[in-house]
Amino acid sequence: MTLSSALNTAQSVFNNTGIQSGVASKNIANAQNANYVRRSAVLTSSGNGALVVGIERSQNLALQRQTIESSSIYSGQAVLLAGLEEMKSLMGGNDYETSPHALIGNLRNNLQTWASKPNESTLGATVVSTAQDLAKGLNTASNELQAIRNRADDEIAQSVDSLNALLSQFEVANNKVKQEVAVGGNPNDALDERDTLLKQISEIVGVNSSVRENQDMVLYTSEGTTLFETGPRTVTFAPTVAYSAATVGNAVYIDGVAVRAGKGSDTNAEGSLQALLQIRDEVAPLFQSQLDEVARGLIIAFAESDPADPAVLPTLPGLFTGSSLGGMPADGIVEPGLAGTISINPAVIPPTGDPSLIRDGGINGVGYIVNTTQSTGYSDLLNKFDDAFDAKIVFDDGTEIGGSLSVQEFAADSMGWLEMRRSTATSATENKLAMLSRANDAYSSETGVSLDEELSLLLDIEQSYKAAAKLMSTVDEMMQALLAAAS
């Protein structure tokens, strides 16, 4: 080896170790950054030893796609579960103590107690008070359900705004990548930025990607709608100011195509948007229809008819009535919002009303009086109302628990429906979280920074640097010797 080649070799080592130590230092500085992909200096052989020809990201596209998909799936499931948990809280939590089924049970117990002692007026007042609790419980649950739908609508609007903003930022990052690749520059930081934005987008809407020339990325939704190609596609949504049981929310459009809502308790929603649409347009309205049917069943159970000839006087709401009803609700059909308007007839509410009208009949006038002798020991009508809790009526099949059931059975099945959905959603959320964690771990092990590896690499770089320094020292000594000999 000549002295000049030795000098070139040492210079090459110094250049390489400088670049390698810079890469290793950057890796170590970003060891806790989940959005950073590890870099490594790529070496190739040259006439004077190794030469750094580029900085490479430890990217794994297959694992990245799996992580993005898992993130979307988990995000949708978590949003749905949060909505179901909020609906459960309306019913009093784990024991469902404020559910219609529990409140019906309280009313029935007090009604049976009054039927055993019909002459005690205080028991009548207790029945009225319990009935008021039941009506208010339905009112509150109905109003809160619509509030849940309204909040979901607000969150949809916020998600759409966030998605549009992320797509604009994605365009900037994507252009940086293309520019760096086109001129042979270093696109790694821009690629990290773009991948970070892709993760955030995937939490809102399911997304697939493909890469074209110059690392240009195109995004599609999981339904196949173009989300980004050269530039972002428009995502639009018109919020609804207020919700009632009959309100139908507006759709979200991506590039003019409506986003579908998720389906099922183990939802197929990918991203928060589809899950929010599912809560707003499917889950909450279904539960609302069940509450409305419970209200209809109560009105029917306590209705008054002509005691002598039902064909003479019309059957009318008795203890329970609805503010929007002119008479009795239609058979077997949901009356939208009835749970929000059901109330107790003022004729039986003390101090101006008389609870004994429940025992004797006549809430709707003298023609409906059953206890014509005004006996204080009369209990037949109270027993009839108690039996009405077990009487079968036809409930709307659109509630998913329809058919011929008693109002108490229907109310119990409604809570079972909610609990089954919540339980299934809980298990699905745990499974999808585990799937996301495994995907993140696999991706991190391939692309993340290991401090042990980086520190070990720094030691190797240090040894290379020391060897080059020793070589330079030796060359210097030889040059000094040659100069001394020449002089």
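Strand 5 and strand 6 (residues 231-232) are a good place to start: they pair in the antiparallel sense over two bridges. Pairing here means that DSSP finds at least two bridges between two strands, and strands themselves are DSSP runs of E with at least two residues, while helices are runs of H or I with at least four, all numbered from the N terminus. Strands of a sheet pair through backbone hydrogen bonds, either parallel or antiparallel. The bridge partner of F228 in strand 6 is P232.

Before going on, keep in mind that this is a predicted model, where local features need pLDDT of at least 70, side-chain atom pairs count only at pLDDT 80 or more, and totals for chains, interfaces and linings use all residues. Residues are numbered from 1 along each chain as its sequence is written, and side-chain values use heavy atoms, with hydrogens and water left out.

Back to the turn. Strand 5 and strand 6 form a hairpin with one residue between them. T230 sits in that loop, and its phi is positive, about 70°, although T230 is not a glycine. Most residues other than glycine have a negative phi, and most peptide bonds are trans. T230 counts as partly exposed, at 45% relative accessibility; on this scale buried means under 20% relative accessible area, exposed over 50%, and partly exposed in between, using a 1.4 Å probe and protein chains only.

Now step back along the chain. Strand 4 (residues 217-221) pairs with strand 5 (residues 226-229), again antiparallel and over two bridges, and Y220 stands opposite T226. These two strands make a hairpin with four residues between them, and G224 in the turn has a positive phi of about 95°.

Move on and you meet an open sheet of three strands in the order 7-8-9, paired antiparallel. Its edges are strand 7 (235-237) and strand 9 (257-258), each of which pairs on one side only. Strand 7 is joined to strand 8 (residues 252-254) by three bridges, and T236 stands opposite Y253. Helix 4 lies across strand 7 and strand 8, running at about 160° to strand 7.

Helix 4 (residues 121-182) has another partner: its axis and that of helix 2 (residues 61-90) come within 10 Å and cross at roughly 160°. Axes are lines fitted to C-alpha atoms, for helices over the stretch in contact, and angles run from 0 to 180 degrees between N-to-C directions. That makes helix 2 roughly antiparallel to helix 4, since angles over 145 degrees count as roughly antiparallel, under 35 as roughly parallel, 65 to 115 as roughly perpendicular and the rest as oblique. Where they touch (contact means heavy atoms within 4.5 Å), E86, M87 and L90 in helix 2 meet A141, E144, L145, I148 and R151 in helix 4.

Helix 2 is also home to L61, which is partly exposed at 47% relative accessible area. The C-alpha atoms of L61 and Y443 are separated by 9.3 Å, with their positions 382 residues apart along the chain.

Two loops round off the tour. P351 lies between strand 11 (342-344) and helix 8 (356-360), and the peptide bond from P350 to P351 is cis, with omega near 5°. E400 lies in the loop between strand 12 (393-395) and strand 13 (403-405), with a positive phi near 75°.
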